[in-house]
Amino acid sequence: MDSTVGDAVLHLSSATSSRSQRGYDRLALWYRTTEWLVFGNRLQRARVALIDDLQPWKRLLILGDGNGRLLEQLCVKQLGFATERSSSDAPSRITSVDQSLRMLQRQQARVELVHASEYVDLFQADACGYKPEIGAYDVVVTPFFLNCFSLAELKSHLPHWLAALRVGGVLLHVDFIVPQSPWQRPRAKLLLWAMHLFFRWQTGLANRQLVDTQSLIAQCGMRMECEQISEGGMITTQIWRFAPWSS
Ligand SMILES: C[S@@+](CC[C@H](N)C(=O)[O-])C[C@H]1O[C@@H](n2cnc3c(N)ncnc32)[C@H](O)[C@@H]1O
């Protein structure tokens with residue numbers, strides 16, 4: 001089943017909704033306000049911190065972008081690439097996958113706001129069963145997404161998501177981490193504890209603490225190229241390259 005508004009196609013899932021999906025549907029309306037009350041604009045700054053380091057892509061896959069604030073900025077960047085490209089080149093595309101219809105509707109509105117609908121495909125899907133085309137993407141993006149999953153789930157699903165990258169392609173990963181500095185840890189631990197509690201209540205999140213995503217990403221043949229740490233050491237923005245020959 002598809003829903004079309006303007007040119008933006010939203011591919012809907014017919015699967016029954018999970019507790020997590022219903023939770024994010026409920027949160028969608030208040031997500032930005034809640035984020036702003038706790039973090040101001042700092043999460044958004046972390047999301048976009050390294051997007052100028054991305055090379056032009058032909059295909060980009062973004063997982064769990066929620067209300068689409070990073071997607072909107074990626075679209076702006078993509079439109080910039082398009083004006084530099086010769087008209088004979090095939091237009092580049094963004095595929096965005098999220099389980100929450102309400103979040104995807106916000107993504108759709110943001111994409112239309114920047115007139116990028118024709119370049120974006122939105123898919124409602126549970127990422128746990130989602131196996132993207134192998135080696136088809138230049139960029140995969142995971143903004144505050146991997147920590148929605150348990151260690152066991154990530155061990156099972158992350159290799160499939162990252163298999164979407166062509167050799168030499170990059171992962172743009174943004175997430176919470178525990179700060180290195182003992183001075184920064186108490187505030188971060190309190191905030192992380194409160195966030196885990198909130199998302200457990202609202203979405204049924206099973207995790208009680210952060211999963212070490214870094215070693216799991218590295219095990220998929222990825223090499224970290226750059227990292228920017230912000231928000232008192234508790235947010236990391238990373239670019240990883242799929243370079244299986246060097247690991
Ligand atoms: C913590 S929010 C992060 C939203 C946004 N990326 C951000 O930077 O704020 C997680 C997002 O991932 C989506 N998500 C969580 N679990 C998912 C799953 N199993 N399949 C697809 N999407 C999922 C949620 O619907 C939500 O939009």
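Is Gln 214 buried, exposed or partly exposed, and how many other C-beta atoms lie within 10 Å? Gln 214 is partly exposed, because 18 other C-beta atoms lie within 10 Å, under the 20 at which a residue counts as buried. The model is predicted. Its secondary structure comes to eight helices and nine strands. The radius of gyration is 17 Å, close to the 18 Å that the globule rule gives for 247 residues, so the protein is as compact as a globular protein of that length.

**Overall dimensions and contacts**

- Taken along the principal axes, the C-alpha atoms fill a box of roughly 55 × 40 × 35 Å.
- Of the 247 residues in the protein, 35% are buried.
- Among contacts with a separation of 6 or more, 78% are between residues 24 or more positions apart.

**Parallel strands S3, S4, S5 and S6**

- Strand S3 covers residues 59–63, and four of its five residues are buried, so S3 is largely enclosed by the rest of the structure.
- S3 runs parallel to strand S4 (residues 93–98), and five bridges join the two.
- S3 also pairs with strand S6 (residues 137–143) in the parallel sense, over three bridges.
- Leu 61 has a partner in each of these strands: Thr 95 stands opposite Leu 61 in S4, and Val 140 is the bridge partner of Leu 61 in S6.
- S4 is in turn joined to S5 by five bridges, and these two strands run parallel.
- Within the S4 and S5 pairing, Asp 98 stands opposite Gln 124.
- In a regular strand the side chains alternate between the two faces of the sheet.
- S5 shows such an alternation: Val 120, Leu 122 and Gln 124 point to one face and are buried, while Asp 121 and Phe 123 point to the other face and are not buried.

**Helix H5 and the loop after it**

- Helix H5 (residues 101–113) has 13 residues, which at 1.5 Å a residue should span 18 Å; the end C-alpha atoms are 18 Å apart, so the two values agree.
- Buried residues in H5 include Met 103, Leu 104, Gln 105 and Arg 106.
- Further along H5, Gln 107, Gln 108, Arg 110 and Val 111 are buried as well.
- His 115 follows H5 and lies in the loop between H5 and strand S5 (120–124).
- Most residues other than glycine have a negative phi.
- His 115 has a positive phi, near 55°, in a residue other than glycine.
- His 115 is partly exposed, because 13 other C-beta atoms lie within 10 Å, whereas 12 or fewer would make a residue exposed.

**Helix H7**

- Helix H7 (residues 185–203) has 19 residues and reaches 26 Å from its first C-alpha to its last, close to the 27 Å expected at 1.5 Å a residue.
- Gly 204 follows H7 and has a positive phi, near 80°.

**Helix H8**

- Gln 214 is found in helix H8 (residues 213–218).
- Gln 214 and Met 224 are 10 residues apart in sequence, and their C-alpha atoms are 9.0 Å apart in space.

**The loop between S8 and S9**

- Glu 231 lies in the loop between strand S8 (222–230) and strand S9 (235–242).
- Glu 231 is not a glycine, yet its phi is positive, at about 55°.
- Glu 231 is buried, because 20 other C-beta atoms lie within 10 Å, and 20 is enough to count as buried.
- Gly 232 is placed in the loop between S8 and S9 too.
- Gly 232 counts as partly exposed, because it has 15 C-beta neighbours inside 10 Å.
- Leaving aside neighbours within four places in sequence, Gly 232 is in contact with Pro 179, Gln 184, Arg 187 and Ala 188.
- Asp 89 is 143 residues from Gly 232 along the chain, and their C-alpha atoms are separated by 43 Å.

**Ligand surroundings**

- The ligand is surrounded by 17 residues, and the closest are Tyr 24, Gly 64, Gly 66, Gln 99 and Ala 127.
- The shell around the ligand has eight nonpolar, five polar and four charged residues.

Notes: Residues numbered from 1 in each chain as written. Predicted model: local features only at pLDDT ≥ 70, side-chain atom pairs only at ≥ 80, totals over all residues. Pairing = 2+ DSSP bridges. Expected span 1.5 Å × (residues − 1). Near = placed C-beta within 6 Å. Nonpolar A, V, L, I, M, F, W, Y, C, P; charged D, E, K, R; others polar. Rg over C-alpha atoms; globule rule 2.2 N^0.38 Å. Contact = placed C-beta atoms within 7 Å.
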